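Please take a moment with the sequence and the model before reading on. The paragraphs below are meant to be followed with the structure in view.

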Amino acid sequence: MLFLWLYMFYSCAGSCAGLTARGSPAPPRAAPPLPSLLPGDPGEESSLEEQRAAPDAGSPLSSFFNGSGTKRLPQAIIIGVKKGGTRALLEFLRVHPDVRAVGAEPHFFDRNYERGLAWYRELMPKTLEGQITMEKTPSYFVTKEAPARISSMSKGTKLIVVVRDPVTRAISDYTQTLSKKPDIPTFESLTFKNRTTGLIDTSWSAIQIGIYAKHLENWLLYFPIGQILFVSGERLISDPAGELGRVQDFLGLKRIITDKHFYFNKTKGFPCLKKAEGSSKPHCLGKTKGRTHPDIDQEVVQRLRDFYRPFNMKFYQMTGQDFGWD
């Protein structure tokens with residue numbers, strides 16, 4: 001199309017000039033300048049990725065050429081939980097052409113709120129009209145101020161929580177910390193305030209995060225339960241396409257991400273993408289995912305299961321879902 005336009009423009013140049021010389025009443029309107037499509041051109045202001053994500057500003061053609069995307073506040077946020085599978089969910093969702101997401105965790109509603117919404121918006125990717133802007137910060141779920149702050153931004157924000165067996169989650173949390181600080185106390189010693197009495201130390205974040213029902217109560221003060229989707233971290237591993245189907249439905253998206261997008265990596269023990277966003281190559285999450293857990297005293301594991309059981313039962317009732325952790 002561009003070549004045809006150029007041909008017509010230069011073919012017309014000579015004949016139109018001739019018409020003007022012979023007393024044509026008015027010169028023809030100048031053709032608009034053509035933007036360069038050469039890679040690395042000094043006038044190129046946006047990447048090809050940004051051009052694809054540009055909004056429909058005036059016309060599809062100008063949108064493609066100018067790459068003038070619009071940064072919007074997120075319409076959906078993955079709010080938790082840490083070590084539940086939030087990174088996997090985000091990477092899987094980014095395969096969808098109508099999802100645009102921030103890669104890094106913004107931590108706006110817990111650590112950076114004083115910077116303001118303009119700062120937050122600037123972190124977001126450019127989107128086309130109709131695309132969904134997303135971010136994920138797992139610590140939001142346990143941050144007391146986060147529900148009110150997100151509601152203040154938009155009461156219609158869709159929230160996604162990836163949950164996992166709280167005992168397994170706690171051990172995974174500890175494993176991550178251990179990889180960074182090898183000299184920390186044992187899991188068993190951190191679990192109890194007093195091991196003799198069996199009193200669980202709920203002030204330890206690894207334990208406290210898994211009391212899902214308690215945290216959910218805070219969110220339900222600001223959002224209806226139907227505006228929160230609970231994704232099973234276990235099913236995200238065993239049936240990623242099934243869980244992604246539920247997420248796509250919740251977000252009002254066409255079910256594009258299906259079984260054909262995944263393969264199971266036996267070494268890591270979880271599913272990987274056959275093709276990642278913007279790539280034709282298979283993609284697995286990094287080496288920080290799928291770490292081998294240390295052996296934990298089974299008596300401690302059982303005491304934790306007993307501790308979490310009533311909270312799990314309440315969480316099942318609140319969400320209307322049985323996650324099968326018992």
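What follows goes from the whole chain to a few chosen places in it.

The model shown here is predicted, and every value below should be read with that in mind. In this model the protein contains 13 helices and 11 strands. Of its 326 residues, 44% are buried, and the protein exposes about 17,500 Å², of which carbon and sulfur atoms supply 56%. How much of the contact in the protein, counted at a separation of 6 or more, comes from residues 24 or more positions apart? Such residues account for 68% of the contacts with that separation, and the places described below give some examples of how parts of the chain meet.

A good place to begin is strand β2, which consists of residues 76-80. This strand is mostly covered, since 5 of its 5 residues are buried. Which strands are joined to β2 by bridges? One is β5, made of residues 132-136, which runs parallel to β2 and is joined to it by 3 bridges. Another is β6, made of residues 158-163, which also runs parallel to β2 and is joined to it by 4 bridges. The residue I77 can be followed into both of these strands, for its bridge partner in β5 is E135, while its bridge partner in β6 is L159.

Following the chain out of β2, the reader comes to the peptide bond that joins G80 and V81, which is cis, with an omega of about -5°. V81 itself is found in the loop between β2 and α4, and K83 has its place in the loop between these two elements as well. K83 has a positive phi of about 60° although it is not a glycine. Both features call for a second look, because most residues other than glycine have a negative phi, and most peptide bonds are trans. Is K83 buried or exposed? Its relative accessibility is 15%, and because buried means under 20%, K83 counts as buried. In the UniProt record, an unreviewed entry, the annotation "active site" covers K83, and this annotation may be inferred rather than shown by experiment.

A positive phi is also found at H107, where the value is about 50° although this residue is not a glycine. H107 has its place in the loop between β3, residues 99-101, and α5, residues 117-123. With a relative accessible area of 10%, H107 is buried.

From K83 the reader can pass to helix α7 by way of D173, a residue found in that helix. Leaving aside its neighbours within four places in sequence, D173 is in contact with K82, K83, A206 and I209. D173 is buried, because its relative accessible area is 3%. The helix around it, α7, runs over residues 166-180. At 1.5 Å a residue, its 15 residues should span 21 Å, and its end C-alpha atoms are 21 Å apart, so the expected span and the model agree. At the N-terminal end of α7, D165 acts as a cap, with a side-chain oxygen 2.9 Å from the backbone nitrogen of V167. The buried residues of α7 include P166, V167, R169 and A170, as well as D173 and Y174. What covers the buried residues of this helix? The cover includes α8 (187-191), α9 (205-208), α10 (212-219) and α13 (298-319).

The last stop is the loop between α12 and β10, where L253 is found. L253 counts as buried, because its relative accessibility is 11%. Although L253 and D98 are 155 residues apart along the chain, their C-alpha atoms are separated by 7.5 Å. Leaving aside neighbours within four places in sequence, L253 is in contact with H96, D98, V99, I132 and Q248. One of these contacts, I132, leads back to β5, which is made of residues 132-136 and joined to β2. H261 also has its place in the loop between α12 (240-250) and β10 (262-265). At 15% relative accessibility, H261 counts as buried. When its neighbours within four places in sequence are left aside, H261 is in contact with V95, I256, C272, L273 and K274.

Technical notes
Residues are numbered from 1 along each chain as its sequence is written. This is a predicted model: local features need pLDDT of at least 70, side-chain atom pairs count only at pLDDT 80 or more; totals for chains, interfaces and linings use all residues. Side-chain values use heavy atoms; hydrogens and water are left out. The expected span of a helix is 1.5 Å times one less than its number of residues. Buried means under 20% relative accessible area, exposed over 50%, partly exposed in between (1.4 Å probe, protein chains only). Contact means heavy atoms within 4.5 Å. A polar contact is a pair of N or O atoms within 3.5 Å; within protein, one must be able to donate a hydrogen and the other to accept it, and residues adjacent in sequence count only if both atoms are side-chain atoms. Two strands pair if DSSP finds at least two bridges between them. Accessible areas come from the Shrake-Rupley method with a 1.4 Å probe; for residues, only the protein chains shown count as cover.
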